[in-house]
Amino acid sequence: MISSPHPQFYTRLLNLNSRLGPKAKEYNRLNPHNPIQLLGKAEFSNPGMSHKDRIAKSMLLLAQSRGDLLNSEGKKKTILAASSGNTGCSLALVGTLLGYDVIVITNKKCSQEKRDHISAHGATLWMSEDLQSDVDCLHGVHCYMQQEHVLCSKFPEKYFNVNQYDNLDNMSAHMEGTGREIWEQTDGKITHFVMAGSTGGTIMGVGRYLKSKRSNCEIVLSDPEKSNLMGLWEKDREITSPNSGDSRLQNVKEDTEANGGILLEGAGKGSLTAIMRSGNRALENVDSCVPINDFEAFDECRALAKTGVMCGGSSGLNICACRVIAERCAELGPQEGGYTVVTILCDHGVKYMSKIYNDGWMEENEWRRK
């Protein structure tokens with residue numbers, strides 16, 4: 001069941017203490033009664049194999065309740081969504097079950113497994129690169145998110161614009177579901193929540209809920225090194241330390257131009273989404289950021305798979321950032337109740353068998369390990 005209010009259906013919290021770094025492990029040896037706990041919420045066990053099931057259910061059911069899925073003649077619109085993959089899979093699942101036609105626009109970065117997953121649920125898959133040449137109104141429109149907006153603006157009676165990056169129903173799903181579940185499952189002992197950002201719905205929604213329950217709960221953004229989110233967060237707060245803010249953004253620009261952009265799917269962005277700007281400042285509830293190299297995240301995924309847990313790249317990213325936070329906690333020393341660091345295991349690794357878990361793909365892209 002997706003985001004059920006009944007505790008027996010909550011996605012589990014997995015103990016990931018085996019992935020802690022040396023300082024945290026030594027801390028735990030010396031402080032068994034106030035330990036550092038690293039927990040991962042197994043969102044890959046949702047029906048669509050990712051945490052995006054939650055927002056698909058929320059956005060579509062709320063839109064349906066408002067009548068937004070019907071045109072002026074009372075006929076069903078086609079659900080149209082731009083997605084890097086997982087939200088498309090979840091919208092295909094939920095939308096088809098609700099009886100709607102679903103079209104997902106993605107791009108060539110999306111793994112073949114996710115493309116097949118979208119189609120398997122009955123949705124129509126459009127590739128952004130093809131639309132630029134095949135659809136007159138999209139000539140010169142390169143971004144799949146912009147393509148979604150152009151088509152929905154031009155054909156408002158035909159398409160429902162999911163607009164996941166700006167849709168506040170996305171964030172609400174995590175405020176009312178994921179955040180509450182984590183709070184209850186940790187008995188309110190959570191001290192740190194670590195999460196990547198793409199739409200921003202998870203880190204903003206969970207962060208807002210946890211801050212409402214415990215104001216000193218630290219919310220940490222895990223961000224790919226070639227993402228702009230950390231630099232934009234620093235710039236908004238006028239952080240002027242070396243290699244921060246504008247300097248970090250410039251370094252990302254130069255590195256991307258020289259070596260290509262983010263390889264990891266479903267995390268990082270070039271600009272802030274409306275959800276990330278929905279508070280009084282950029283990524284309002286985020287207290288700190290941890291930059292992680294794509295290949296460090298991939299290596300973590302491959303190591304984690306050998307423990308019996310197979311996840312996608314954003315989960316590896318999150319665990320790497322958690323390890324950094326846990327090491328910092330160990331340096332701070334003991335505190336009453338210890339430290340409980342929670343992250344999201346966003347999606348299942350079977351969606352990346354042709355990429356992260358493929359030796360040939362890893363070797364082919366090894367030159368980008370910088």
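This briefing describes enclosed and open spaces, one buried strand, the cysteines and one polar residue in the structure above. The model is predicted, and the values below were computed from its atoms. Its largest cavity has a volume of about 190 Å³, while the largest pocket holds about 660 Å³ of space. Strand 10, which spans residues 339–345, is largely enclosed by the rest of the structure, and the structure holds 0 disulfides.

**Largest cavity**

- The count of cavities of 30 Å³ or more comes to 2, and the largest of them, at about 190 Å³, has a lining of 25 residues.
- Among the lining residues of the largest cavity, those that lie nearest its centre are His 51, Lys 52, Ser 198, Thr 199 and Gly 266.
- Two or more residues of this lining come from each of helix 3 (86–97), strand 7 (192–196) and helix 8 (201–213), and it is helix 8 that gives the most, with 3 residues.
- By residue class, the lining of the largest cavity divides into 15 polar, 6 nonpolar and 4 charged residues.

**Largest pocket**

- The largest pocket, with about 660 Å³ of space, is lined by 30 residues, and Lys 109, Tyr 144, Gly 268, Lys 269 and Gly 270 are the ones that lie nearest its centre.
- At least two residues of the pocket lining are supplied by helix 6 (144–154), and at least two by helix 10 (246–259).
- The lining of the largest pocket is made up of 14 polar, 10 nonpolar and 6 charged residues.

**Strand 10 and its partners**

- In strand 10, 7 of the 7 residues are buried, and therefore the strand is largely enclosed by the rest of the structure.
- In a regular strand, side chains alternate between the two faces of the sheet.
- In strand 10, Tyr 339, Val 341, Thr 343 and Leu 345 point one way, whereas Thr 340, Val 342 and Ile 344 point the other way, and the residues of both sets are all buried.
- Strand 2 (residues 36–42) pairs with strand 10 in the parallel sense over 7 bridges, and within this strand 10 it is Ile 344 that serves as the bridge partner of Lys 41.
- Strand 7, which also contributes to the lining of the largest cavity, pairs with strand 10 in the parallel sense over 3 bridges, and the bridge partner of Val 194 in strand 10 is Thr 343.

**Cysteines**

- With 0 disulfides in the structure, Cys 217 is in none, and its nearest cysteine sulfur, that of Cys 329, is 11 Å away.
- Cys 217 has a relative accessibility of 1% and therefore counts as buried.
- Cys 301 is likewise in no disulfide, with the nearest cysteine sulfur, that of Cys 311, lying 6.8 Å away.
- The relative accessible area of Cys 301 is 1%, so this residue is buried.

**Thr 178 and its polar contacts**

- Thr 178 has its place in helix 7 (residues 168–185), and because its relative accessible area is 1%, this threonine is buried.
- The side chain of Thr 178 makes a polar contact of 2.7 Å with the side chain of His 174, and a further polar contact, of 3.4 Å, joins the side chain of Thr 178 to that of Arg 54.

Notes: Residues are numbered from 1 along each chain as its sequence is written. This is a predicted model: local features need pLDDT of at least 70, side-chain atom pairs count only at pLDDT 80 or more; totals for chains, interfaces and linings use all residues. Side-chain values use heavy atoms; hydrogens and water are left out. A disulfide is a pair of cysteine sulfur atoms within 2.5 Å. Buried means under 20% relative accessible area, exposed over 50%, partly exposed in between (1.4 Å probe, protein chains only). On a 1 Å grid over the protein atoms alone, a cavity is a set of points where a 1.4 Å probe fits but cannot get out, and a pocket is an open set with protein on both sides within 12 Å along at least five of seven lines; lining residues have an atom within 4 Å of a point. Grid points are joined across faces, edges and corners, and a volume is the space filled by probe spheres set on the points. Helices (H or I, at least four residues) and strands (E, at least two) are DSSP runs, numbered from the N terminus. Ala, Val, Leu, Ile, Met, Phe, Trp, Tyr, Cys and Pro count as nonpolar, Asp, Glu, Lys and Arg as charged, and the others, Gly among them, as polar. Two strands pair if DSSP finds at least two bridges between them. A polar contact is a pair of N or O atoms within 3.5 Å; within protein, one must be able to donate a hydrogen and the other to accept it, and residues adjacent in sequence count only if both atoms are side-chain atoms.
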